[in-house]
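I sat down with this structure to look up a few local features and kept notes as I went. The entries are in the order in which I checked them.

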Amino acid sequence: MKNTLSLPVLAFAFLMLTVNTLFAADADTAETINLDSVHLRALHFDTTGSVEIGGVAKFEVPKGFKFLNAEDSKYVLHNLWGNPPSDETLGMIFPSYASDVIPATWAIEITYDESGHVKDDDAKDINYADLLKEMQKSVEESNPERKKQGYPTAVLLGWAEPPYYDAENKKLLWAKRIKFESDTSETLNYNIRVLGRKGVLVLNGIGTMEDLEVIKSSTANILPNMNFTDGNKYTQFDSNLDKVAAYGIGGLIAGGVLMKTGLLAKIGILLLKFIKPILVGAAAIGSAVWRFITGKNKDDQS
């Protein structure tokens, strides 16, 4: 009779081989789930070369990183990390040391929002201190609805990294510090946006505040290698064919495509920290941020 090992036994053996990596952070924060409920599989990473992103962009995988395709990324986000299923994910970027079976590290998820060409005329005039206050007010206003839907309330503490816009390369980044109800530690929401002809590449960092410096330093290698392909570049916008987004740079930071992505949760197998989802819907943008973006009240629209 063939000698076989059950999935839980194989998984346990694998975890024992990688325990030093998985418990690099405070062991008290680690959580386990029932391995019987998870069908572990090897992930298919690209470690070199150029990979296609959603038919509109390409990513040249730099040394020290690896790219996970859309199908496997959805498996990680949903099956391993406990996020709701989504068809929007186009892939994820991991550090090269992430496990090929259970990647318990920080990561960057990639999606694409084709809401229109984002004008950047407002970038030089934005007062980010005022914008932060309006965003904090809107998060506070959204908490009753979050609680009603069964999610923890949140407080936007401030910038972890102030917004920076590279006008020449049409790339925007910023990071926020968020504290969730009952959490003892802060959550990091690191955001990168690459502006294109018809929309925006959305890169959201998934990690804890302890990951801020490594994610920040990693952008120096990631950003230059993430670009729209010919025909989809920002400079190829055609006013006769392409629509313009309803928001500018301030809108991207305050809400815009963020209201579709929000924060993703790293919930699952022996992960080091929790990041609870912040579901930022259209209502969560709030009247205060809308006034900041548009310069008028919602009721004034007609």
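The notes below cover a small sheet, a helix, two loop residues and the aromatic rings.

**Entry 1. The model.** I noted before anything else that this is a predicted model.

**Entry 2. The open sheet.** I looked up the strand order and found an open sheet of three strands, ordered 2-3-11, with antiparallel pairing. Strand 2 (50–53) and strand 11 are the edge strands, each pairing on one side only. From one strand to the next, the twist averages 25 degrees.

I then went through the pairings. Strand 2 and strand 3 run antiparallel and are joined by four bridges. Ser50 has Glu60 in strand 3 as its bridge partner. I also checked how the chain gets from strand 2 to strand 3: the two form a hairpin with three residues between them. Gly54, in that turn, has a positive phi of about 60 degrees.

On the other side, strand 3 (residues 57–60) and strand 11 are joined by three bridges and run antiparallel. Lys58 has its bridge partner, Asn227, in strand 11.

Which side chains of strand 3 are buried? I found that they alternate along the strand: Ala57 and Phe59 point to one face and are buried, whereas Lys58 and Glu60 point to the other and are not.

**Entry 3. Aromatic rings.** I counted three aromatic pairs. Phe59, from the buried face of strand 3, forms a tilted pair with Phe67, with 6.3 Å between centres and 50 degrees between planes. I call the pair tilted because its angle of 50 degrees is neither under 30, as for stacked rings, nor over 60, as for edge-to-face rings. Phe59 has a relative accessible area of 0% and Phe67 has 3% relative accessibility, so both are buried under the 20% cut-off.

Another pair is Tyr112 with Phe228, which is edge-to-face at 6.1 Å centre to centre and 65 degrees between the planes. I checked where the two residues sit: Tyr112 is in strand 6 (residues 107–113) and Phe228 in strand 11 (residues 226–228). The pair links distant parts of the chain, as its members are 116 residues apart. Tyr112 is partly exposed, at 21% relative accessible area, while Phe228 is buried at 7%.

I also looked for charges over rings. The charged end of Arg41 sits over the Tyr75 ring, 4.1 Å from the ring centre. Lys66 has its charged end over the ring of Phe45, 4.3 Å from the centre.

**Entry 4. Helix 3.** Tyr75 led me to helix 3 (residues 70–80), where it is one of the buried residues. The others are Asp72, Ser73, Val76, Leu77 and Leu80. What covers the buried residues of helix 3? I noted strand 4 (65–68), strand 5 (91–95), strand 6 and strand 10 among the covering elements.

I checked both ends of the helix. Asn69 caps the N-terminal end, with a side-chain oxygen 3.3 Å from the backbone nitrogen of Glu71. Just after the helix, Gly82 takes a positive phi of about 80 degrees.

**Entry 5. Thr89.** I found Thr89 in the loop between helix 3 and strand 5. Is Thr89 buried or exposed? Its relative accessibility is 3%, so Thr89 counts as buried. I listed its contacts, leaving out residues up to four places away in sequence: Thr89 touches Ala70, Ser73, Lys74, Leu77, Glu109, Ile110 and Thr111. With Glu109 there is a polar contact between side chains, at 2.6 Å.

**Entry 6. Glu210.** I looked up a second loop residue, Glu210, which lies between strand 10 (200–208) and helix 5 (212–222). Glu210 is exposed, because its relative accessible area of 55% is over the 50% cut-off. Its side chain makes a polar contact with the side chain of Thr208, at 2.8 Å. I also checked Glu210 against Trp106: they are 104 residues apart in sequence, and their C-alpha atoms are 9.9 Å apart in space.

Methods:
Residues are numbered from 1 along each chain as its sequence is written. This is a predicted model: local features need pLDDT of at least 70, side-chain atom pairs count only at pLDDT 80 or more; totals for chains, interfaces and linings use all residues. Side-chain values use heavy atoms; hydrogens and water are left out. Rings of Phe, Tyr and Trp (its six-membered ring) pair if their centres lie within 6.5 Å; planes under 30 degrees apart count as stacked, over 60 as edge-to-face and the rest as tilted. Buried means under 20% relative accessible area, exposed over 50%, partly exposed in between (1.4 Å probe, protein chains only). A charge sits over a ring if NZ of Lys or CZ of Arg is within 6 Å of the ring centre and within 35 degrees of the ring normal. A polar contact is a pair of N or O atoms within 3.5 Å; within protein, one must be able to donate a hydrogen and the other to accept it, and residues adjacent in sequence count only if both atoms are side-chain atoms. Contact means heavy atoms within 4.5 Å. Two strands pair if DSSP finds at least two bridges between them. Axes are lines fitted to C-alpha atoms, for helices over the stretch in contact, and angles run from 0 to 180 degrees between N-to-C directions.
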